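Biologist: I should like to go through this structure with you, one question at a time. Please let each answer end on the name or value that I ask for.

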Amino acid sequence: AALPGVAAFFHGDEVVLTVPRSKHRFTVENYQVHAKWNDKGTWQRLVIERAAGEGEVAPGDVVQFRAWTGKRLTVQNKTVHAHWDHQGHWQKFVIESKSLEEPEPITNASRIYLLAHTGARIDADAPDSHG
C-alpha cells in the first residue's frame with residue numbers, strides 16, 4: 001500500500017519526473033527531451049501508460065510516457081527524444097525502485113529509475129549532460 005495520504009499512480013495518470021540532485025524536471029520542448037528547468041507546467045507533464053493496461057504502476061512494470069505533443073519518450077542509441085508516437089520497443093521503460101521492501105505502488109514520493117531497452121538507465125543528471 002502507498003504511504004498514508006499519498007495516492008498511487010495508475011495507467012493514464014499525468015506524472016512529472018524530477019531529477020533528485022538538481023530538482024530539474026524532464027521537459028519535452030518540441031521533440032527534444034531535457035532536464036534543464038525546474039518548471040512544472042504542460043511541457044513537464046507526461047502521461048504514464050502501463051504495457052499491461054489498467055492498474056496501479058509498480059516497480060517492474062513496463063511503461064511508456066506520452067508527452068503533451070502526443071509523442072512518446074523514445075530511447076534511440078544514447079539519446080532520449082519525443083519525435084514519434086510509436087508504441088514499440090524503443091518507447092518502453094521498466095520501472096525500478098531502490099526499495100528493499102515488497103514492491104509498493106509508485107507515488108509522487110517514490111524514487112524510481114527508468115531502465116531503457118538498451119539496458120541503460122536514464123540519467124538526466126550526468127555531469128556531461130546538457131540537462
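Biologist: Which residue in β3 does Glu29 stand opposite?

Modeller: The model is a predicted one. In it, β2 and β3 pair in the antiparallel sense over four bridges. They form a hairpin with two residues between them, and Asn30 in the turn has a positive phi of about 60 degrees. The residue in β3 that stands opposite Glu29 is Gln32.

Biologist: How many of the five residues of β2 are buried?

Modeller: A residue counts as buried when its relative accessible area is under 20%. By that cut-off β2 is mostly covered, and the number of its five residues that are buried is four.

Biologist: Which residues have the most contacts inside the largest nonpolar core?

Modeller: This core has 24 residues. Among the elements that give two or more residues to it are β2, β4, β5 and β8. The residues with the most contacts inside the core are Leu46, Phe65, Leu73 and Phe93.

Biologist: Which residue in β5 is the bridge partner of Ile48?

Modeller: β4 and β5 are paired in the antiparallel sense, with four bridges. Leaving aside neighbours within four places in sequence, Ile48 is one of the residues in contact with Phe65, and Leu46 and Val47 are also among them. The bridge partner of Ile48 in β5 is Phe65.

Biologist: Which residue in β8 is the bridge partner of Val63?

Modeller: β5 also runs antiparallel to β8, and two bridges join them. The partner of Val63 in β8 is among the residues in contact with Phe65. That bridge partner is Phe93.

Note on methods. Residues numbered from 1 in each chain as written. Predicted model: local features only at pLDDT ≥ 70, side-chain atom pairs only at ≥ 80, totals over all residues. Heavy atoms only, no water. Core = buried A, V, L, I, M, F, W, Y, C linked by side-chain atoms within 4.5 Å. Buried < 20%, exposed > 50% of the residue type's maximum accessible area, 1.4 Å probe, protein only. Contact = heavy atoms within 4.5 Å. Pairing = 2+ DSSP bridges.
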